[in-house]
Amino acid sequence: MAVGAEQGRLGENGRSNAPSRDAGSSPCSSLKMFLGALSFAYFSKSLSGSYMKSTITQLERRFDIPSYLIGVIDGSFEVGNLLVIAFVSYFGAKLHRPKIIAIGCLLMSIGTFIIALPHFIIGRYEFETSVRWEINSTDSPAPCPKNSAAIVAQGSVLPGVPNTKCEGESNMSMWIYVLLGNVLRGIGETPVQPLGISYIDDFASQENAALYVGCVQTISVVGPVFGYLLGSMCAKIYVDIGFVNMETISIGPSDSRWVGAWWLGYLIAGVLTLLSAVPFWFLPRSLPVGQKGATRCTPEQTSFIKDSPLLENKYPADEPTGFLEMARDFIPTLRILLGNPIYLIYLCVTIIQLNSLIGMVTYKPKYIEQHFGQSASKANFLMGVVNIPAVALGMFSGGLCMKKLKLSLMGAAKFAFSTSLIGYFLSLFFFAMSCENAKVAGVTVPYDGMDVLLFDKPSAFTACNSDCVCSANDWDPVCGEDGITYVSPCLAGCTRSDGSGSNTVFTQCSCVGSAGNLTARTGQCLDREDCDRMFPYFLALSVITSFIISLGGTPGYMLLIRCIEPQLKSLALGFHALATRTLAGIPAPIYFGAIIDTTCLKWGQKRCGGIGACRIYNTAAYRTAYLGLTLSLRSASFLVCIPGFLLLRQQVRREQRNAVRGALANGGAEMEALGKDETADREAAVVPETKSVREPVVRDTEGSQPTAEHHSRDRETRL
């Protein structure tokens, strides 16, 4: 009974000091099952995270919110993570880790479903338009009503008159559900990485642990590829697919009012995350430690000795420490860590560079859409197929280069700095890859078509549409035969429309063309040859810069590990993750979005009043703000690197001098020890000879004369 109780006892942090109680389960198969489950969990969480990035513009348009609010939603994931990361990291390691991970995956799944919930309670999507078309109507309403009675007859709202449809609607914005769901996703994601990696490291053999962790990290890179591809697929599908007649929809995926089936991807991601939680419920709390060199699981290999030296080496026992004692030691230890100037400078550099990186990645699909006129579907597809694989290849190649070149601490720092600097200079060429602003009458060009920008004083009304009672707030663009986009068919002065849906053609448009009698069709004019020629070069340069910058990722991370004392490593990594999430992951999307909002030329209008999502941006200002802010942050990080290099060089030289002094001291001590040994040997050889000379005759205790045996013993002693 005592033996059974001893075998069933668990060691520190939930590690087993005995084989699993279930004799039918193999520890090797359980570990492989855990590895597969953790890989699937990594895939699911990274897929849903990248899918969130791919739906930024869809959420903006669906909920009529500006970019900075999208930044708040995106950063809420980090908020949820920070709320529980300390508790999970400390208490989770002492509990049933697989079940804690299962609970986390379940919370992630619930949060993902909550994000999709507004689609089912908010009603159908109604994009702003000044004209409604009906399929079975032979008499379409006039795009250019001449009086207020005509507007009321069409079911539209008079300019300046409150919309009665707002009565009874909830004042709470639906995007709050997306925010709360993303916070819950962040809470659920917290235990997956620290508890999963520690479980593998605890129960895998030393030679297999690194391989298993590498497999999991590789899967986490594959997830974003599928996340962006899922975003590309859903962006092609109309948001209310299956509930509306698509023939009545007059907009396409390239229209700034188009909203894809954003909710569909969240349902798929939620189901995947829910499935990833299932295997963890059936995994044991602990496993026997894998033996070094074991290739197969046999009864001998699965047996476990409680006081094994292998276990003692891998899991050094911690002295029992009270909570108050740990609390008293925390502040002095943190002060020592932050007193390391190299670590502090490294922390500042990574925070600044991550601000640049997170802001750039978050709004890069939107930049491709707005600047190069690509659809959201194509932008997400290119992010998943082109950019993400380049980053993954760069990280792998950086680690390989570090291994082949056998980089020292200073070498790793120079390698990371050089790759970042090369990527910085290459990124400057993005400024040259510019596109002209879309020609929108009354917004970017006057109605006469002259290339004079009207950013400061836009005017939607002119003499050619003065007879029409139009709203300047509507955004229902039409493309005239003259190649200019007009804000609405009413502002284009069109008096007649033929057809329905996307096939509608407007005729007798008084503002289109010099004669004022040309036609217009629905949608913006997409003929931008300069952007079509420039876009492939942008993609190629984007892939090259992403690869080069990612080369320095692994050496830079190793620099973080090597620049601190071993006993402070865990605290340094944890504080680094906390600081980067708090000072980069949360604020970067918010202020990037706020700065991008300043470049908007035409805001959409909510049905109940207020500014909605931006419909068209000043292309040149958008490029300057987006690229300028990204590169400015990286420039600041390079300036901070200068004192870091000086301090690092001093530390390396100091360590080299100490190593030389230590070697000399050890060498001197060894020479002195050797000299003493030689002297002792000589003395040991001389003393017997001296005794044999001075005492040639040795009498026994009885005083007898020396015998032949005595002389023989003396000779043996001298020899």
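This dialogue covers the disulfides and a charged surface patch of a predicted model.

Student: What applies to the numbering and the values here?
Tutor: Residues are numbered from 1 along each chain as its sequence is written, and side-chain values use heavy atoms, without hydrogens and water. Because the model is predicted, local features need pLDDT of at least 70 and side-chain atom pairs pLDDT 80 or more, while totals for chains, interfaces and linings use all residues.

Student: How many disulfides does the structure hold?
Tutor: A disulfide is a covalent bond between the sulfur atoms of two cysteines. The criterion is a pair of cysteine sulfur atoms within 2.5 Å. The structure holds six.

Student: Where do Cys600 and Cys614 lie?
Tutor: Cys600 lies in strand 6 (residues 600-605) and Cys614 in strand 7 (residues 611-617), so the disulfide ties together parts 14 residues apart in sequence. Strands (E, at least two residues) and helices (H or I, at least four) are DSSP runs, numbered from the N terminus. The link is right-handed, with 105° about the S-S bond.

Student: Is Cys490 buried or exposed?
Tutor: Buried means under 20% relative accessible area, exposed over 50%, partly exposed in between (1.4 Å probe, protein chains only). Cys490 is buried, at 3%. Its disulfide partner is Cys470, with the sulfur atoms 1.9 Å apart. Cys470 also counts as buried, at 9%.

Student: Which helix gives the largest share of the positive patch?
Tutor: Helix 22 (residues 619-694) gives five residues, the largest share. Arg653 lies in helix 22 and is partly exposed, at 47% relative accessible area. Patch residues have over 30% relative accessible area and no salt bridge, with like charges joined within 9 Å and nonpolar side chains (Val, Leu, Ile, Met, Phe, Trp, Tyr) within 5 Å. A salt bridge is a side-chain nitrogen of Lys or Arg within 4 Å of a carboxyl oxygen of Asp or Glu.
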